[in-house]
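Got the viewer open? Here is a short tour, stop by stop, with something to select at each one.

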Amino acid sequence: MNNRCALVSKVIPFSCVDGPGSRLALFLQGCNLRCKTCHNPWTIGRCNDCAACVPHCPHEALNVQAGRVWWDEAHCQQCDTCLQMCPQQATPMAQRYSVEEMVAQIRKVAPFISGITVSGGEATTQLPFLVALFSRLKADPQLLHLTCLVDSNGLLSETGWQKLLPVFDGAMVDLKA
Ligand code: SF4
Ligand code: SF4
């Protein structure tokens, strides 16, 4: 069992715009660029528990406990007000997922998808999780058919790409110009 964790901004079980076919898209939190034109600007930073967003949540889905900001998923209406308020370009809704927790989510939708795409943020800033997740999927006879793609800004070093090569099926690289 692999318990390596990633900070995840969002999981979309079925996406038809994140690579070929229907795919589970996993958006990791955190990026090593700060593009003005970012498509997902709230995935760039990491929450520092400043609590600036908490009083602005119209549905009381955010609270502070022991100096940490907590997100109450049951009360959240996905209005995105907190994303607009955050000075860090982060989200209080990011969650930690272990490889096994992610595999359990993927298993539920596996019959209906052709693969998974890990995007972000910049997916490769959490490279050890990527390698562990893809290795786990490739070793599971029931999930082996899923293609594993990375959506990346291409900044990863050659050494990093060499680590991914044995376990992934390709990268979609957003060239910045
Ligand atoms: S999400 Fe942003 S505004 Fe909210 S607590 Fe975290 S850093 Fe502060
Ligand atoms: S998206 Fe953010 S502001 Fe809106 S209900 Fe959920 S936690 Fe509150």
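Select cysteine 79 and show what is around it: leaving aside residues up to four places away in sequence, it touches Pro58 and His59. Keep in mind as you click that this is a predicted model. Cysteine 79 sits in the loop that runs between strand S4 (68-71) and helix H1 (81-85). Is it buried, partly exposed or exposed? Its relative accessibility is 36%, so cysteine 79 counts as partly exposed. Now add glycine 19 to the selection and draw a distance: the two C-alpha atoms are 27 Å apart, with the two positions 60 residues apart along the chain.

Step back by one residue to glutamine 78, in the loop between S4 and H1. Check the backbone here, since phi is near 55°, a positive value in a residue that isn't glycine. Most residues other than glycine have a negative phi, and most peptide bonds are trans. Glutamine 78 has 42% relative accessibility and so counts as partly exposed.

Where else can you find a positive phi in a residue other than glycine? Go to alanine 51, where phi is near 75°. Alanine 51 belongs to the loop between strand S2 (23-28) and strand S3 (62-65). With a relative accessible area of 23%, alanine 51 is partly exposed; the cut-off for buried is under 20%, so this residue does not make it into that class.

Next, on to a peptide bond. Select glycine 120 and glycine 121: the bond joining them is cis, with omega at about 20°. To get your bearings, glycine 121 is in the loop between strand S6 (115-119) and helix H3 (127-138).

Now for a helix. Select H2, residues 99-109, and show its side chains. Which of its residues are buried? Colour Val99, Glu100, Met102, Val103, Ile106 and Val109, and you have the buried ones, with a glutamate among them. Then bring up what covers these residues: the cover includes strand S1 (5-15), S2, strand S5 (95-98), S6 and H3.

Time to zoom out and show the protein chain as a cartoon. You should find 4 helices and 8 strands, and if you trace them along the sequence the pattern reads β-β-β-β-α-β-α-β-α-β-α-β. The radius of gyration is 17 Å, close to the 16 Å that the globule rule gives for 177 residues, so the chain is as compact as a globular protein of that length. Turn it along its principal axes, and the C-alpha atoms fill a box of roughly 45 × 40 × 30 Å.

Try colouring by domain. The assignment gives domain 1 as 5-38 + 95-173, in two stretches of sequence, and domain 2 as 47-85. Put a marker at the C-alpha centre of each, and the markers for domain 1 and domain 2 will lie 26 Å apart.

For contacts, look at pairs of residues at least 6 apart in sequence: 60% of these contacts join residues at least 24 apart. Of the 177 residues, 44% count as buried.

Last stop: switch on the surface. The accessible surface of the protein chain is about 9500 Å², and 55% of it belongs to carbon and sulfur atoms. Colour by charge to pick out 14 positive and 14 negative charges; their mean positions are 4 Å apart.

Conventions
Residues numbered from 1 in each chain as written. Chains lettered and ligands numbered in written order. Predicted model: local features only at pLDDT ≥ 70, side-chain atom pairs only at ≥ 80, totals over all residues. Heavy atoms only, no water. Helix = DSSP H or I, 4+ residues; strand = E, 2+ residues; numbered from the N terminus. Rg over C-alpha atoms; globule rule 2.2 N^0.38 Å. Buried < 20%, exposed > 50% of the residue type's maximum accessible area, 1.4 Å probe, protein only. Contact = heavy atoms within 4.5 Å. Areas by Shrake-Rupley, 256 points an atom, 1.4 Å probe, with all protein chains shown as cover. Lys, Arg positive; Asp, Glu negative; His and termini not counted. Charge placed at Lys NZ, Arg CZ, Asp CG, Glu CD. Domains from an automatic or database assignment.
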